[in-house]
Amino acid sequence: MSETVGEAVPVAQRSSWSSFLKSIASFSGDLSSLTAPPFILSPVSLTEFPAYWCEHPDVFAAIADAPDDEARVLAVLKWFIGTLKDQYTSRNESMGSEKKPLNPVLGELFYGTWPAPASNPGQGKTTLLVEQVSHHPPITAYVIENKSKGLRLTGHNAQKTSFSGGSIIVKQIGHAILTYTPPSGNPVEYLLTLPRLRIDGLWYGSPYIELTETTYIVGGGFVGTIEYKGRGYFSGKSHSFKAHVVRAPGMGGGGEEHVVEGTWHEKSKVVKGGSKKHQVDGTFHDAVEDRKKEVGAVGGEEDGSMGEFETRKLWAAVAKGIREGDFETASREKSRIENDQRQRRRDEVAAGTTWALRHFKRVENDEVYERLARVVPKLAPATEDCYVFQENWPRSMVE
């Protein structure tokens, strides 16, 4: 293996990449505030990232079709594992390496849908609403709903980044709550925590993401634990995981343990548990065969058009410059948007006002998180805030 710094970086950009690496290594604060070289930028804002939760709307909808609580928690696990490839490796496949997403502006919005397919109308329509609810620190809140199936996912996500051992470490802050409301009307809630990320490959200018530590899925009387094991310097296989699903303490005990292992970007198998007999050749999820369905962007204005804060309109010129390799234009347009935001904040300070959120309201303590987190004593923190959706879908998204 070559040891040339920035070997995968365009020759004209290698000097800026080397300078960027030096600034990372010497920086003592949150790395998200650093300005990355234009060639490493993604043409997509972080505001669009919650769409990754549902790029397999059929698997999401199938959660509602599970016959009992045990089958349902396994369906939740399958859906969650199915989101990981799109969230954490799709940019490597489409752009050659991991890219730094555009930092959303305060109040940035994204609306989208996955219509019910003609081949399976019973799957129902899935809708997505995202709002950037904070800029310092950057926090993104979202809601995803398949109303006909009684499914709703709400959550928020932020990142705290640092540099260690030649890698960028990303601590994901926040959580998601998945709620299934059956026809009987008694909702079942699941807490989903977020993995920690390690971004490797920086030295060569070809970053990629490895997941680390643990994700918990808690709800419906069960606890799912997903442990991530990536490739080390000398051994291991990239993107590996092992998941255990057991009955929650105080929920009758006993019962069968379910164990799934494999790679979240390729294939995983059931290695223990009665559900194995329901899988083909023991396969739990095949991320290669399960092709994603892109979200369809929807305008949130009364007439269905996109407003000035909707992400694909806001960043259109920047995204075009990045995709076409016109980094001068991308940089100029990006600076224009950022300077406009700084001026808006100054104007608010001068007027004694603050930005009003459109779709969410912050609550200091998420009672659902606190209740479900108690089931797993090692899960920290014991409490977290949340952003409550105000049930004000845009008219263009209401059937």
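The turns below ask how terms are applied to this structure.

User: What kind of model is this, and how are residues numbered?

Analyst: This is a predicted model in which local features need pLDDT of at least 70, side-chain atom pairs count only at pLDDT 80 or more, and totals for chains, interfaces and linings use all residues. Residues are numbered from 1 along each chain as its sequence is written, and side-chain values use heavy atoms, with hydrogens and water left out.

User: How many helices and strands does the protein have, and what makes a run count as one?

Analyst: There are 8 helices and 19 strands. Helices are DSSP runs of H or I with at least four residues, strands are runs of E with at least two, and both are numbered from the N terminus.

User: What makes H265 count as buried?

Analyst: Buried means under 20% relative accessible area, exposed means over 50%, and partly exposed lies in between (1.4 Å probe, protein chains only). H265 has 17% relative accessibility, so it counts as buried. It sits in the loop between β14 and β15. Apart from neighbours within four places in sequence, H265 is in contact (heavy atoms within 4.5 Å) with K85, T89, S238, H239, A287 and V288. Of the 399 residues of the protein, 52% count as buried.

User: Why is E213 called partly exposed?

Analyst: Its relative accessible area is 45%, so E213 is partly exposed. E213 lies in the loop between β10 (208–212) and β11 (214–219). Its phi is near 65°, a positive value in a residue other than glycine. Most residues other than glycine have a negative phi.

User: How do you know that the length of α3 agrees with its number of residues?

Analyst: The expected span of a helix is 1.5 Å times one less than its number of residues. For the 20 residues of α3 (residues 69–88) that gives 28 Å, and the end C-alpha atoms are 29 Å apart, which agrees.

User: Why is α3 described as largely enclosed?

Analyst: Because 16 of its 20 residues are buried, α3 is largely enclosed by the rest of the structure.

User: What makes the largest nonpolar core a core, and which residues have the most contacts inside it?

Analyst: A nonpolar core is a set of buried Ala, Val, Leu, Ile, Met, Phe, Trp, Tyr and Cys residues joined through side-chain atoms within 4.5 Å. The largest one has 52 residues, and those with the most contacts inside it are W53, L77, W79, F80, L153, L178 and I226. α3 gives the most to this core, with 10 residues. A second, separate core of 14 residues includes V133, I139, V143 and V298.

User: How do you know that β14 and β15 pair?

Analyst: Two strands pair if DSSP finds at least two bridges between them. β14 (residues 258–263) and β15 (residues 267–272) have 4 bridges, in the antiparallel sense. One of the bridge partners is V270 in β15, which stands opposite V260. The two strands form a hairpin with 3 residues between them. β15 also pairs with β16 (residues 283–286), in the antiparallel sense over 3 bridges. There, K267 stands opposite D286.

User: Which bond precedes P137 as a cis peptide, and where is P137?

Analyst: A cis peptide bond joins H136 and P137, with omega about 0°. P137 is in the loop between β4 (126–135) and β5 (138–146). Another cis peptide bond joins A380 and P381. Most peptide bonds are trans.
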